Amino acid sequence: MLGRDHALSGAFAFAALGPTLHVTGSHLAAGVLLTAGAGVLPDIDHPDSTIARSFGFLTESFAWFVARISGGHRHGTHSLAGIAVFSIGALAAGAYQLSGTRVGGPGGGLVGGHAAFSWHMVPAGLFLALLYSAALRALQIGGHHGDLLGIAAALVTCFTGADLTRLPVGSWHVPLLATVTALGCAAHIAGDELTHGGCPIF
Ligand SMILES: [Zn+2]
């Protein structure tokens, strides 16, 4: 499957689940776009993939590294263990962001109506920027400005704490960022399994 198809299947998965996750408005829009980005995330194990080209040399080097440690393309990142690693990473970034929140903020960096920067936002912010930019790139939205739009969207999401919004998933309440990550990766692996077969799911 092409990056565009993976991104679309991720976006569709979040939109379809939107009502059960009780998300509306801006959170729904952010969730759809972020799940589209997470839909191409497992291909970070290939230096020529859409997501690996998001931030040029930086992400291409990272993809080369991931390919080495995960056992090559369509291997470790295309398994339940891969979904778990990405999701735990998203949870950890969110927990770190939350630990830097000042009392009184709504979960992000908004203090008294003013956006306040905290180093605790950096991991989640980078992850958000990667997902947004990958989504815009895969869906061919924004052209050359796609990456800038992605970074801008990541800043807004991070400063408002929207990525920390807890969504009801079964009997759990999972932060938005971890939810979209797990959902997008699952949609990706399902797509690869249908079209290529042979993902080492377990
Ligand atoms: Zn793949």
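## Geometry at the zinc ion

The four donor atoms around the zinc ion subtend angles of 88 to 170°, so the arrangement is irregular; four donors would count as tetrahedral only if all angles lay between 85 and 135 degrees, and as square planar if opposite donors were over 155 degrees apart and all others between 65 and 115. This is a predicted model, in which local features need pLDDT of at least 70 and side-chain atom pairs count only at pLDDT 80 or more, while totals for chains, interfaces and linings use all residues. Residues are numbered from 1 along each chain as its sequence is written, and side-chain values use heavy atoms, with hydrogens and water left out.

## The donor residues

The protein donors, D43 (OD), H78 (NE2), H188 (NE2) and D192 (OD), lie 2.0 to 2.3 Å from the zinc ion, a donor being an N, O or S atom within 2.8 Å of the metal (3.2 Å for Na, K and Ca). Their spacing in sequence is D-x34-H-x109-H-x3-D. D43, in the loop between α2 (25–38) and α3 (57–70), and H78, in the loop between α3 and α4 (80–99), are 35 residues apart and link distant parts of the chain; helices here are DSSP runs (H or I) of at least four residues, numbered from the N terminus. Both D43 and H78 are buried, meaning under 20% relative accessible area with a 1.4 Å probe and protein chains only.

## T50 in the loop

T50 is found in the loop between α2 and α3 and, at 18% relative accessibility, counts as buried. Leaving aside neighbours within four places in sequence, T50 is in contact (heavy atoms within 4.5 Å) with G3, A134, R137 and A138.

Note on methods. Tetrahedral: all angles 85-135°; square planar, octahedral: opposite > 155°, others 65-115°. Helix = DSSP H or I, 4+ residues; strand = E, 2+ residues; numbered from the N terminus. Buried < 20%, exposed > 50% of the residue type's maximum accessible area, 1.4 Å probe, protein only.
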